[in-house]
Amino acid sequence: MPDDTGPGRELLHAELLSIGSELTVGETRDTNAGELARALTLEGVIVGRITALPDRLEAVRDALTAGLERADLVVSTGGLGPTPDDLTREAIAAATGETPAVDPELDAWLRDRWARRGLPFPEINLKQAWLIPSAVALPNPNGSAPGWFVSRPDGRVIVALPGPPREMRPMWSDQALPRLRTRGLGREIAVQTFRLTGIGESQVAEILGEEMLRRPDPEVATYARVEAVDIRVSADGPGSDGATAAERVAAASSVVRERLGSYVWAEGDTTWSSAIGQRLAELGWRLAVDEIGSGGQVGLVLGDDDRLALVESRPFDAARPTDDVDDEGSLIDRARGVRSRAGVEVGLAVRVRPRGSEYAVSVAVVTPRTERRQTRTTYAGGSIGRSQSGLLAAAILLETLR
């Protein structure tokens, strides 16, 4: 059995291979690669490529060979089943020039799985007991496909994980990741994420400027999410001037705050629900919602926080006088009413009405300190516009509470 501690090579660059024809024909959506990329990024590893591959030996072998030339670590998911089209083991053997053989311990473990259920062992599953000389088996308590941890002579590593997420996740976190850390996985990394509202990604980019967004260290990137525009500031390792990653990220983040701080509603991975819930908890207040025409989107954005006492929701109906009226007093009255009915400190009333191809979103907030009303417009109609209405309401609510 090989020593999986391996030679002292830093594992700083990785490639991910998602193997399975069901991925390349669009029948299955790949979630594994995203999860692994996030995990590796948090470890300070740069993920250079994510590739989906069909169940073809040559394609997987060539991707492994090329990946080992470019990166320190190649992580694959899928292709570890017992059927003839599960070819990850064969591809790794071909890429490394090694011959697989049945491992007695894995053979006994597999046969025992079937024996405990009183079933005959299918010989087709015997390939799941294969190992090559440079591989260590990664136990799989949730399935019949052990993973492989392959150490190359130059210190590079291949990790082969099963495709089903319920098998992949625990094998990665409990088996592969600890082994990789002992090998020198990643480097110091610092990340700061700002969540913005009330501004579009193109406006953010214009304010930050091309020079800031194009420089590689620290990296400043913008992302248009469903619920926000994010700015991610990141750096890894020591800088050319000797500054730490944290110091370089802090310097760039101060510029972001100076230029865009008025649009920042949260940092990190905070959600609207958690931000509003936290603010309500700080104030010792609870919230009730009356929403018309949003399709229940306000309640969905706010989630099931125990600070949310009541949500009343119904469709918009232009035939109802109270639905079609948009004066300030009527919506404030609705916020007061739901606040009173629920016996809470904060009442939120939201009315969403069609306005051409978009929606007009009127929001009223009543608290022990203030009464406020605003109307904003979505940039789309249909389900997208209704979803935006929930986010607009959450933004106005959080702004008022703060």
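**Exercise 1. A salt bridge and its surroundings**

Is R187 buried, partly exposed or exposed, and at what relative accessibility? Work this out for the predicted model shown above, then do the same for the acidic partner of R187.

*Solution.*
Step 1. Start with the cut-offs: buried means under 20% relative accessible area and exposed means over 50%.
Step 2. R187 has a relative accessibility of 34%, so R187 counts as partly exposed.
Step 3. Now look for the partner. The side chain of R187 meets that of D236 in a salt bridge, at 3.6 Å from N to O. The two come from distant parts of the chain: R187 sits in the loop between α6 and β9, D236 belongs to strand β11, and 49 residues separate them.
Step 4. With a relative accessible area of 27%, D236 is partly exposed too.

**Exercise 2. More salt bridges**

Find out how many salt bridges the model has, and say which elements are tied together by the pairs E35–R169 and R341–E312.

*Solution.*
Step 1. A general reminder: side chains of opposite charge can pair when their charged atoms come close.
Step 2. With a limit of 4 Å between the side-chain nitrogen and the carboxyl oxygen, the count is 25 salt bridges.
Step 3. Take E35 and R169, whose side chains form a salt bridge at 2.7 Å, N to O. E35 is in helix α2 and R169 in helix α6 (residues 165-182), so this pair ties together parts 134 residues apart in sequence.
Step 4. Check their accessibility. E35 comes out at 24% and counts as partly exposed; R169, at 41%, also counts as partly exposed.
Step 5. Move on to R341 and E312, which meet in a salt bridge at 2.7 Å, N to O. R341 belongs to helix α13 (residues 328-342) and E312 to strand β14 (residues 308-314), so the pair ties together parts 29 residues apart in sequence. E312 is partly exposed, with a relative accessible area of 27%.
Step 6. Finally, look for charged residues that form a group: R195, R225, E227 and D230 are linked in a network of salt bridges.

**Exercise 3. A glutamate in a strand**

Decide whether E15 is buried or exposed, and list the residues that E15 touches beyond its sequence neighbours.

*Solution.*
Step 1. Place the residue: E15 is part of strand β1, which covers residues 13-19.
Step 2. Its relative accessibility is 3%, so E15 counts as buried.
Step 3. Leave out residues up to four places away in sequence, and the contacts of E15 are R49, G67, R70, A71, L73, V74 and V75.

**Exercise 4. Pockets and a cavity**

Describe the two largest pockets and the largest cavity by volume, then identify what lines each of them.

*Solution.*
Step 1. The largest pocket holds about 850 Å³ of space. It is lined by 24 residues, and R38, T41, V191, Y223 and R232 are the closest to its centre. Elements giving two or more lining residues are α2 (32-42), β2 (46-53), β9 (189-196), β10 (219-224) and β11 (229-236). Strand β11 gives the most, with five residues. By type, this lining has ten nonpolar, five polar and nine charged residues.
Step 2. The second largest pocket holds about 510 Å³. Among its 23 lining residues, I199, V226, Y379, Q388 and L391 are the closest to the centre. Helix α14 gives the most to this lining, with six residues, and the types are twelve nonpolar, seven polar and four charged.
Step 3. Turn to enclosed space. The whole structure has one cavity of 30 Å³ or more. The largest cavity contains about 40 Å³, and S273, I276, G277, L280, L287, L302, D305, R307 and L308 line it. Helix α10 (residues 272-283) gives the most, four residues. The lining divides into five nonpolar, two polar and two charged residues.

**Exercise 5. The overall picture**

Judge whether the protein is compact or spread out, using its radius of gyration.

*Solution.*
Step 1. Count the elements: the protein has 14 helices and 17 strands.
Step 2. The radius of gyration is 27 Å, well over the 21 Å that the globule rule gives for 402 residues, so the protein is more spread out than a compact globule.
Step 3. Add the dimensions: the C-alpha trace spans about 80 × 60 × 40 Å along its principal axes.
Step 4. Finish with burial: 49% of the 402 residues count as buried.

Methods: Residues numbered from 1 in each chain as written. Predicted model: local features only at pLDDT ≥ 70, side-chain atom pairs only at ≥ 80, totals over all residues. Heavy atoms only, no water. Buried < 20%, exposed > 50% of the residue type's maximum accessible area, 1.4 Å probe, protein only. Contact = heavy atoms within 4.5 Å. 1 Å grid on protein atoms, 1.4 Å probe; cavity = no way out; pocket = protein on both sides within 12 Å on 5 of 7 lines; lining within 4 Å. Points joined across faces, edges and corners; volume = space filled by probe spheres on them. Nonpolar A, V, L, I, M, F, W, Y, C, P; charged D, E, K, R; others polar. Rg over C-alpha atoms; globule rule 2.2 N^0.38 Å.
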